[in-house]
Amino acid sequence: MSIFEYNGSALVAMVGKNCFAIASDRRLGVQLQTIATDFQRISKIHDKLFIGLAGLATDAQTLFQRLVFRHKLYQLREERDMKPETFASLVSAILYEKRFGPYFTQPVIAGLGDDDKPFICTMDAIGAKELAKDFVVAGTASESLYGACEAMFKPDMEAEELFETISQALLSSVDRDCLSGWGGHVYVVTPTEVKERILKGRMD
Amino acid sequence: MKLDTSGLESFPSLISHGNDVAGEISAPPSFELPNSNDFDSFLKEAIQMVKPAKGTTTLAFIFKDGVMVAADSRASMGGYISSQSVKKIIEINPYMLGTMAGGAADCQFWHRNLGIKCRLHELANKRRISVTGASKLLANILYSYRGMGLSVGTMIAGWDETGPGLYYVDSEGGRLKGTRFSVGSGSPYAYGVLDSGYKYDMSIEEASELARRAIYHATFRDGASGGVASVYYVGPTGWKKLSGDDVGELHYHYNPVTPSTVEHEMVEAAAP
């Protein structure tokens with residue numbers, strides 16, 4: 001098993017009508033053994049910007065701490081929050097700095113930009129950005145997730161329908177992956193509120 | 001070059017072999033080997049290609065009323081779950097069961113072959129074969145294929161004239177008699193539950209609940225186990241399937257979700 005499959009992860013982000021949703025599984029494992037079933041893979045940078053980190057859990061935690069540090073400095077200097085597009089460029093640059101000894105993680109970034117326009121993107125471990133208009137996926141279950149999202153996604157969904165769609169896509173994909181699952185964590189973000197929900201999934 | 005397959009022979013050949021089509025069909029089965037320059041490394045590569053990790057959880061134990069056999073139902077290829085509904089408890093004959101761990105094809109084929117041999121023994125000797133004898137037949141066949149890449153980790157459980165019998169047989173050629181076994185990647189977790197809850201004087205209900213719980217705990221912790229926990233009981237009149245519970249539902253049965261208390265709850269305003 002490769003280093004990306006050491007801990008196991010599943011991440012997906014989807015765009016809706018003036019909103020976005022980002023979801024992850026909750027398993028932390030050491031190869032086949034499950035260690036925790038309440039692991040946080042998605043973290044908030046600010047109220048309208050979330051980042052999820054798939055791959056090796058230790059690199060995900062360290063990278064997240066670095067990004068929070070950089071964003072706090074930015075807030076002090078610019079006296080405002082970072083735009084999602086800018087943040088994506090920051091993550092890409094930080095990852096490429098480690099081009100010959102990379103962080104073994106794949107970020108999924110989701111946020112609301114100017115005029116509350118939803119923005120999602122993903123990257124590989126050395127910072128190659130992939131911007132998408134509909135959905136992005138990462139993790140050990142990514143192939144199943146691509147299939148599920150492609151089949152279930154519709155453009156311009158409202159927040160409730162988006163929640164249903166992303167949850168079904170996540171749960172059905174992790175049920176075909178030994179290394180991810182054991183529940184789900186979904187954030188649905190609109191210009192006015194952030195709704196965090198925990199999904200009841202198969203615990204095997 | 002032909003491989004010796006006298007282990008596969010289940011009947012003595014009564015017809016003399018001619019060079020015709022009939023002679024071909026009645027000849028003992030044999031596997032053709034490929035013509036390659038470097039047969040050893042070809043064999044190594046072939047073994048690595050078909051060698052599946054024993055990603056599964058199976059267990060069996062003897063108690064006062066007979067033998068309890070249980071298994072999960074997940075088949076995995078590396079990280080991908082290829083099936084959640086594999087039958088891992090194989091019915092060799094109405095009073096003997098075998099469990100499957102390792103290569104599915106290997107287990108299915110050799111268990112069926114064992115069933116044939118057991119039936120022939122019955123016909124030849126006018127009495128049922130013992131569990132000791134059946135497990136020895138299988139162990140000898142697997143030993144003769146040792147090093148060729150078969151992957152079989154099975155338990156033979158049955159009831160014969162001497163009472164309940166349980167043997168562990170594997171593709172390295174090992175054969176062990178015992179009262180409690182668990183095989184597969186989830187076996188450490190199953191052993192933990194099984195060993196702490198085991199009592200020889202359990203009733204059938206207690207034993208089946210213990211077996212089900214052990215499989216459930218293994219599917220929770222082990223990534224390569226999951227699906228349905230099947231429990232079979234082997235008694236004096238033969239085997240009987242007791243239950244097949246989906247472990248996803250078993251989890252919430254053992255750990256019901258209690259709604260947490262809320263301090264302030266928003267309710268819909270009543271229409272005026």
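This is a walk through a predicted model, from the interface between chains A and B to a helix, a buried side chain and some charged pairs.

Let us begin where the two chains meet. On the chain B side, 26 residues are in contact with 17 residues of chain A. The size of an interface is often given as the accessible area lost when the parts come together. Here chain B and chain A bury about 1,700 Å² between them, and 49% of that area lies on carbon and sulfur atoms. Three residues are worth picking out in your viewer: B:Phe220, B:Arg221 and B:Tyr252 supply 30% of the area that chain B buries against chain A, more than any other three residues.

The polar side of this interface deserves a look too. Between chain B and chain A there are 13 residue pairs in polar contact, counting pairs with both residues at pLDDT 80 or more. On chain B, the elements β4 (80-83), α6 and α7 (247-254) each supply at least two residues of the side that touches chain A. That side of chain B divides into eight nonpolar, 14 polar and four charged residues.

Charge also links the chains directly, with two salt bridges found across the interface. In one salt bridge, A:Asp204 pairs with B:Arg74, and their closest N and O atoms are 3.3 Å apart. Both residues belong to a network of salt bridges that links A:Arg202, A:Asp204, B:Arg74 and B:Asp246.

Now turn to helix α5 of chain B, residues 187-197, where B:Ser187, B:Tyr189, B:Ala190, B:Val193 and B:Leu194 are buried. Why do these residues lie on the same side of α5(B)? They cover an arc of only 160° around the axis, and that places them on one side of the helix. The general geometry helps here: an α-helix has 3.6 residues a turn, so residues three or four places apart point the same way. On the face of α5(B) turned away from the buried side you will find the exposed residues B:Pro188 and B:Ser196. The cover over the buried residues of α5(B) comes from both chains, and includes β4 (33-36) of chain A as well as β1 (58-63), β10 (180-183) and α6 (204-221) of chain B.

For a close-up within chain A, find A:Asn7 in the segment before β1 (10-15). A:Asn7 counts as buried because its relative accessibility is 7%. What does the side chain of A:Asn7 reach at 2.7 Å? Its partner there is the backbone nitrogen of A:Ala57, while another polar contact has a polar atom of the A:Asn7 side chain 2.9 Å from the backbone oxygen of A:Gly29. Leaving aside residues up to four places away in sequence, A:Asn7 touches A:Arg27, A:Leu28, A:Gly29, A:Gly55, A:Leu56, A:Ala57 and A:Leu179.

To finish, consider salt bridges within a chain. The count over all chains comes to 19. In α6 of chain B, B:Arg213 and B:Glu209 meet in a salt bridge at 4.0 Å, N to O. These two residues are four apart in the helix, so about one helical turn separates them. B:Arg213 is partly exposed at 32%, and B:Glu209 is partly exposed at 28%. Elsewhere in chain B, B:Lys87 pairs with B:Glu91, with 3.2 Å between the closest N and O atoms; B:Lys87 counts as exposed at 52%, whereas B:Glu91 is partly exposed at 34%. In chain A, A:Asp47 and A:Lys44 form a salt bridge whose closest N and O atoms are 3.0 Å apart.

Methods: Residues are numbered from 1 along each chain as its sequence is written. Chains are lettered from A and ligands numbered from 1 in the order in which they are written. This is a predicted model: local features need pLDDT of at least 70, side-chain atom pairs count only at pLDDT 80 or more; totals for chains, interfaces and linings use all residues. Side-chain values use heavy atoms; hydrogens and water are left out. Buried means under 20% relative accessible area, exposed over 50%, partly exposed in between (1.4 Å probe, protein chains only). The arc is that of the directions from the helix axis to the C-beta atoms. Contact means heavy atoms within 4.5 Å. Buried area is the accessible area (1.4 Å probe) that two parts lose on being put together, summed over both. A salt bridge is a side-chain nitrogen of Lys or Arg within 4 Å of a carboxyl oxygen of Asp or Glu. A polar contact is a pair of N or O atoms within 3.5 Å; within protein, one must be able to donate a hydrogen and the other to accept it, and residues adjacent in sequence count only if both atoms are side-chain atoms. Ala, Val, Leu, Ile, Met, Phe, Trp, Tyr, Cys and Pro count as nonpolar, Asp, Glu, Lys and Arg as charged, and the others, Gly among them, as polar.
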